[in-house]
Amino acid sequence: MARFISAIAARLVVAVPYLWLLVFFLAPFLIVFKISLSEPALAMPPYQPVFDLFAGFAAFFEKARALSFSNYLWLLDDPLYVNAYLSSIWIATVSTLITLAVGYPIAYGMARAPASIRPTLLMLVILPFWTSFLIRVYAWIGILKPEGLLNQFLMFLGVIDEPLVILNTTTAIYIGIVYSYLPFMVLPLYSTLEKMDGSLIEAARDLGCPPMAAFWKVTFPMSLPGVVAGCMLVFIPAVGEFVIPDLLGGSQTLMIGKTLWTEFFNNRDWPVSSAVAVILLLILIVPIMLFQRSQARSREAGN
């Protein structure tokens, strides 16, 4: 009896995460996918469903035979959406690489700091999360605008003679994304570097390996799980980012998050906007699968 109860408990432990994903991921995705196959209409909500589950299975299969993916084909034919996807992927990729370049030294310094001050350093990394994300992005407007703090400071030092145009540019988007998502890069890197055995570096140096070569041959390869995890945690939300491009990038910024917002709330074309969201999700599934595969390999290597 005890073995039976333990087996049931073990299955429930596994079933709860799958139930969570089913309710909060798969079900909303199916709803959005259903809307993407609908037709726009002047109604509330502004679409005409193609599938009606209450009409019976006969009507359901009849509609399925006449199913049209016109919304998806229209997106692929329109260069606006294609360019928005490409621009979002490019900006997210560059931002992720910059975040990695900035976050790796921070995480490395935290991992090599004395154990007594590591909790304080970790708290300083997490501290920005105590403030609203929207307020933090708004603060960068006051820093980057022509009469903002950055230009005033540079002009005070004599570095520039006239204000730099940073706000409403792609550079401002990079700054906003790197600042906002830097903790997501630092934390997995710190977790990986802290667990690394320092005696391996000492052994490499004893064998005549220079410090920089020891870093690239020992430290960096062993920190790759943290690098992959940090890059995925930054890249995935950056692709669909809306707030930062809207506030810091200006009206000329072309990213899929802003395009999705325009279709939903300005054009009120829910079928097309749902198709945009479905394609975006499919694009993000690829790095998620790669991340899961790398995590599985790292666990197997650890075992």
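**Close-up 1. Two helices, α11 and α14, help line the largest pocket of this predicted model.** Helix α11 spans residues 224-239 and helix α14 spans residues 270-302, and each of them gives at least two residues to the lining. The largest share comes from α14, which supplies seven residues. To find your way around the lining, look for Met232, Leu233, Ile236, Ala277, Leu280, Leu281, Leu284, Ile288, Phe291 and Gln292. By class, nine of the lining residues are nonpolar, one is polar and none is charged. The space inside this largest pocket comes to about 270 Å³.

**Close-up 2. Helices α3 and α4 cross at roughly 75 degrees.** Here you can follow α3, residues 70-77, and α4, residues 79-112, whose axes come within 5 Å of each other. Angles from 65 to 115 degrees count as roughly perpendicular, so that is how α3 and α4 are described. On the α3 side, the contact is made by Trp74, Leu75, Leu76 and Asp77, and on the α4 side by Pro79, Tyr81 and Val82. Six of these contact residues are nonpolar, one is charged and none is polar.

**Close-up 3. Threonine 99 is a buried residue of helix α4.** Threonine 99 sits in α4, the helix that also takes part in the crossing with α3. Because its relative accessibility is 0%, threonine 99 counts as buried. Setting aside residues up to four places away in sequence, threonine 99 touches Val178, Tyr181, Leu182, Met185 and Val234.

**Close-up 4. Alanine 214 has its place in helix α10.** This helix covers residues 211-222. With a relative accessible area of 1%, alanine 214 is buried. Leaving out residues up to four places away in sequence, the residues that alanine 214 touches are Ile201, Ala204, Cys209 and Thr219. You can also look for glutamate 202, which is twelve residues from alanine 214 in sequence. In space, the C-alpha atoms of alanine 214 and glutamate 202 are 9.1 Å apart.

**Close-up 5. Helix α13 has several buried residues, and arginine 268 comes just after the helix.** Within α13, which runs over residues 256-266, the buried residues are Ile256, Gly257, Lys258, Thr259, Leu260 and Glu263. Moving on just past α13, you meet arginine 268, which takes a positive phi of about 55 degrees.

Definitions and conventions:
Residues numbered from 1 in each chain as written. Predicted model: local features only at pLDDT ≥ 70, side-chain atom pairs only at ≥ 80, totals over all residues. Heavy atoms only, no water. 1 Å grid on protein atoms, 1.4 Å probe; cavity = no way out; pocket = protein on both sides within 12 Å on 5 of 7 lines; lining within 4 Å. Points joined across faces, edges and corners; volume = space filled by probe spheres on them. Helix = DSSP H or I, 4+ residues; strand = E, 2+ residues; numbered from the N terminus. Nonpolar A, V, L, I, M, F, W, Y, C, P; charged D, E, K, R; others polar. Buried < 20%, exposed > 50% of the residue type's maximum accessible area, 1.4 Å probe, protein only. Axes fitted to C-alpha atoms, helices over the stretch in contact; angles between N-to-C directions. Parallel < 35°, antiparallel > 145°, perpendicular 65-115°, else oblique. Contact = heavy atoms within 4.5 Å.
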